[in-house]
Amino acid sequence: MMQSIANLADKVQAGGRLSAAEALDLYRSAPTALLGQLADGVRARKHPDNIVTYIIDRNVNYTNVCVAKCNFCAFYRPVGSAEGYVLGFDELFRKIDETIAVGGVQLLLQGGHNPDLPLAWYEDLFRTIKQRYPSFKLHALSPPEVIHLSRLSQLSVPEVLNRLIAAGLDSVPGGGAEILVDRVRKLLHCYGKATADEWLDVMRHAHRAGLRTTATMMYGTVETDEERLEHLLRLRALQDETGGFTAFITWSYQPEHTELGGTEATGIDYLRTLAIARLVLDNFDNLQASWVTQGGKVGQLSLAYGANDMGSVMIEENVVRAAGAAYCMDEVEIVRNIEDAGFAAKRRNMHYDVLGDPIFRERDVPRMMELATARTEGDTSIPSELRLYPARSKTGKTERAQ
Ligand code: SF4
């Protein structure tokens with residue numbers, strides 16, 4: 001082993017903070033087993049109780065219509081596409097009922113940048129959900145969606161956030177970060193939806209407004225190792241400033257059916273990336289395992305490479321499935337993976353408060369062996385309440401005038 005790697009390992013073990021150059025040395029040159037051992041050491045220091053958590057929530061994509069057209073995305077449909085959809089309020093209530101039936105506590109609600117859904121649609125939706133389900137949480141609208149709404153409504157980002165918070169927004173998911181380096185964002189056609197600074201700024205405002213948020217990284221497209229680390233360092237700097245991030249989640253780009261194409265990063269790349277994230281993000285408490293893109297086995301291995309959380313019991317998934325990943329684990333499976341790895345499994349909420357033991361041990365819950373989708377295939381129905389909201393696109397205007 002190179003001497004400098006041994007020194008860096010000592011530094012990490014002594015609780016020291018890695019510089020960009022040191023992190024790059026470790027990421028490029030440390031043996032995978034050593035990276036895992038160091039990341040596991042940090043995980044054990046931060047979580048000495050031997051608990052691995054998970055959340056029961058539902059990942060709902062309210063629309064797939066999107067004007068952003070990121071070239072790594074297989075999920076979106078352009079305005080006017082016959083395959084475009086917007087979920088109706090009633091469909092969303094049904095999804096919440098099903099989520100509550102399996103012990104779920106929140107919706108992770110994200111969608112495309114649909115020009116025909118004005119801010120009032122979101123406010124009405126959030127208010128109605130909160131009226132019907134007062135203790136149910138809304139973890140909703142990633143930073144690029146907030147920016148889209150700010151442009152559409154011509155209100156500032158803090159104003160949009162305040163309106164959404166008043167309507168019932170509880171926390172903001174860290175989606176749409178991809179790699180927070182503008183060179184990469186331009187190549188991925190996602191610079192227009194949010195620059196790196198704009199993404200971070202939404203999170204800064206959300207934290208200042210008292211919301212907690214998560215942070216993500218999608219790696220494995222066109223970025224360099226240095227750029228992956230730059231992404232992590234930018235998150236670390238904002239976390240130093242606000243302390244508002246609860247968790248970090250990384251996953252590999254899923255290339256199937258995308259315009260960008262290419263190949264998927266390996267499982268080893270995933271584990272090394274997760275481990276270096278644990279080492280660089282010394283001010284983040286929680287790292288999630290991404291078993292939805294990596295599968296159950298690598299997901300389980302993540303617990304030895306720095307992760308202390310298994311993420312969400314997936315009831316529904318539409319985005320990575322559109323790009324070829326379709327792993328499904330219900331609560332029984334998640335808990336089995338956690339316990340087989342030698343940890344105690346506990347349910348949590350978005351704030352990482354432990355809610356209790358696995359719910360299936362407390363009461364009968366239906367098992368979900370398949371992932372639900374946003375809508376059954378071929379269902380092109382248009383929700384009736386959409387007529388109440390002005391459309392911006394030509395197609396939307398014509399449709400609503402009928
Ligand atoms: S990643 Fe999001 S913003 Fe980009 S095209 Fe897909 S749905 Fe639209």
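Student: Is Val 222 buried, partly exposed or exposed in this predicted model?
Tutor: Let's place Val 222 before judging it: the residue is found in the loop between β5 and α10. Its relative accessible area is 29%. Buried would need under 20% and exposed over 50%, so with 29% Val 222 is partly exposed.

Student: Which residues is Val 222 in contact with, leaving aside its neighbours within four places in sequence?
Tutor: Good follow-up, as Val 222 sits in a loop between β5 and α10. Leaving aside neighbours within four places in sequence, the contacts of Val 222 are Arg 183, Val 184, Leu 187, Leu 188, Glu 227 and Leu 260.

Student: What separates the C-alpha atoms of Val 222 and Asp 124?
Tutor: Along the chain, these two residues are 98 residues apart. In space, the separation of their C-alpha atoms is 39 Å.

Student: What span does helix α10 reach from its first C-alpha to its last?
Tutor: Happy to work through this one: α10 covers residues 225–242, which makes 18 residues. At 1.5 Å a residue, the expected span is 26 Å. The helix comes close to that expectation, with a reach of 26 Å.

Student: Which elements cover the buried residues of α10?
Tutor: Start with the residues themselves: among the buried ones in α10 are Leu 229, His 231, Leu 232 and Leu 235. Charged names appear in that buried set too, including Glu 227 and Arg 228. The cover over the buried residues includes α2, α8, α9, β5, β6 and α11.

Student: Which residue follows α10, and what is its phi?
Tutor: The helix ends at residue 242. The residue after α10 is Gly 243, with a positive phi near 65°.

Student: What is the phi of His 189, and where is this residue found?
Tutor: Most residues other than glycine have a negative phi. His 189 is found in the loop between α8 and α9, and it is partly exposed, with a relative accessible area of 42%. Although not a glycine, His 189 has a positive phi of about 60°.

Student: Is Tyr 352 buried or exposed?
Tutor: Tyr 352 also has a positive phi, about 65°, without being a glycine. The residue lies in the loop between β9 and β10. Its relative accessible area is 14%; the cut-off for buried is under 20%, so Tyr 352 is buried.

Student: Which backbone oxygen does the side chain of Asn 71 reach?
Tutor: Asn 71 is in the loop between β1 and α4, and at 5% relative accessibility it counts as buried. Not counting residues up to four places away in sequence, Asn 71 touches Leu 187, Leu 188, His 189, Thr 258, Glu 259 and Leu 260. At 3.0 Å, its side chain reaches the backbone oxygen of Leu 187.

Student: How do the residues of the shell around the ligand divide?
Tutor: Nice one to check on the structure: the residues around the ligand are Cys 66, Ala 68, Lys 69, Cys 70, Phe 72, Cys 73, Tyr 76, His 113 and Lys 193. Sorted by type, the shell holds 6 nonpolar, 1 polar and 2 charged.

Student: Which backbone oxygen does the side chain of Arg 392 reach?
Tutor: Arg 392 lies in the loop between β10 and α15, and at 47% relative accessibility it counts as partly exposed. Leaving aside neighbours within four places in sequence, Arg 392 is in contact with Pro 115, Asp 116, Leu 152 and Lys 397. At 3.1 Å, the side chain of Arg 392 reaches the backbone oxygen of Leu 152.

Methods
Residues numbered from 1 in each chain as written. Predicted model: local features only at pLDDT ≥ 70, side-chain atom pairs only at ≥ 80, totals over all residues. Heavy atoms only, no water. Helix = DSSP H or I, 4+ residues; strand = E, 2+ residues; numbered from the N terminus. Expected span 1.5 Å × (residues − 1). Buried < 20%, exposed > 50% of the residue type's maximum accessible area, 1.4 Å probe, protein only. Contact = heavy atoms within 4.5 Å. Near = heavy atom within 4 Å. Polar contact = N/O pair within 3.5 Å; in protein donor to acceptor, adjacent residues only side chain to side chain.
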